[in-house]
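Trainee: Could you walk me through one part of this protein at close range? I would like to follow how two neighbouring pieces fit together, and what the cysteines are doing.

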Amino acid sequence: MNDSMLSKKKDEQTSLLDSWEDVGSLEDLDDDSAVAIDSVKSSADSDPDPVGQVEEWLDVLGNDQLKKKVLEAGQGRESRPQKGQNVVINLKTCQKDGTLIEQQTNVAFTLGDGDIIQALDLTVQLMEMGEKAFIQTNAKYAYGIHGSHDPEVPPNTDLSLEVELLEATDAQDLELLPPIEKIALANLKRERGNIHYQRGDYAFAVNSYSIALQITESSSKVDISPEEENELMDVKVKCLNNMAACQLKLDHHDAALKSCVSVLAHQPENVKALFRMGKVLALQGEYTEAIQSLRRALRLEAKNKTIHAELSKLVKKHSDQRGAEQAMYKKMLGNPTSSTSSTRKDPEKSSWTISWKWLFGATAIAIGGVAFSVYIAARN
């Protein structure tokens, strides 16, 4: 596959997923794009298109933001590629004003897997074999609000694309795929997921990671060495970890927790999984379990400032919550401690008062008796 379309430069591929920094909040995906891949074919198939006839602009999504025009007709509607097939195209990418961005030949990708910008994923499946088409797309179906470093595309840039469909073949059976190729394919899908994550397209990132997981988990009818099995497991764990990060961004807490648990089932001391599980549990209000998970992570990386900060924040929050709960319980029960203690003090005070009265009375009687005895003795 073409590296410039399927992955960024190596230093950019490192991705914030593999660091301890969080990506800022980005805008949500649009609903019309989420359902487009499954619905676009049916809308395009409604009108017959004889071979050789050049059509006018086709509004692919019905929102005037993604349009396709045939420049040179292909081999007929039956030659259109299907979702899941591997396709090869020639591609010329320009800005709307005609400024050339890049020109590529033999760009290969799997149709519908999110391996390429959404505009191409949606429109190439409407092309006939050998067809040349002109495509105009809004930025949100191309490189979005962040743009791209490879190719160099400014943020919020609408694009004009010239596309020629060269080839469409069925994907190879994963069970028959040599282990080295399977590992490479799984990594390719994972790296594409990283690119989606960096752009804030978390739902598309989850889709790419899910496809990579399916590849790593597929059975094999060819021999595979223990080393190759370990490599596949490593890719699987990375995908699950990255998926948990995306699910956290999407507020899919149960799914994120499940992904973390899956990682820890294979690698019980995976620090990133422990850290993210702690964050998920905290968001679910399970503070005790969250603190335990973060402490486990901290024991493994004692100098990690991000874990320290998250744990300190969580411990304080948990303490504040317990204090608030205790105050609420006292209020509900009418502060029984103080009333009980005051009740206990009253009888004690009364008993001491009575005792002192008897003591003074007895002393006075004794003194009187002695004085009277002295007086009688004096008279005698």
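Mentor: Happy to! Let's begin with a definition: a disulfide is a pair of cysteine sulfur atoms within 2.5 Å. By that test, a search of the whole structure, which is a predicted model, turns up 0 disulfides. Two of the cysteines are worth a look all the same. Buried means under 20% relative accessible area, so Cys94, at 10%, counts as buried. Cys260 counts as buried too, because its relative accessibility is 0%.

Cys260 leads us to the part I would pick for you, since this residue of H9 is listed in the contact with H8. Helix H8 covers residues 226-249, and helix H9 covers residues 253-266. Two packed helices are described by the angle between their axes and the distance between the axes. Here the axes come within 8 Å and cross at roughly 155°. Angles over 145 degrees count as roughly antiparallel, and H8 and H9 are therefore roughly antiparallel to each other. Their crossing is left-handed.

Now for the side that each helix offers. H8 brings Met233, Lys236, Val237, Leu240, Asn241, Met243, Ala244, Gln247 and Leu248. From H9 come Ala255, Ala256, Ser259, Cys260, Ser262, Val263 and His266. Sorted by type, the residues of this contact are 10 nonpolar, 5 polar and 1 charged.

To place this pair in its setting, the protein has 13 helices and 6 strands. Of its 380 residues, 40% count as buried. Among contacts between residues at least 6 apart in sequence, 69% join residues at least 24 apart.

Key:
Residues numbered from 1 in each chain as written. Predicted model: local features only at pLDDT ≥ 70, side-chain atom pairs only at ≥ 80, totals over all residues. Heavy atoms only, no water. Axes fitted to C-alpha atoms, helices over the stretch in contact; angles between N-to-C directions. Helix = DSSP H or I, 4+ residues; strand = E, 2+ residues; numbered from the N terminus. Parallel < 35°, antiparallel > 145°, perpendicular 65-115°, else oblique. Left-handed = near helix turned anticlockwise from the far one by under 90°. Contact = heavy atoms within 4.5 Å. Nonpolar A, V, L, I, M, F, W, Y, C, P; charged D, E, K, R; others polar. Buried < 20%, exposed > 50% of the residue type's maximum accessible area, 1.4 Å probe, protein only.
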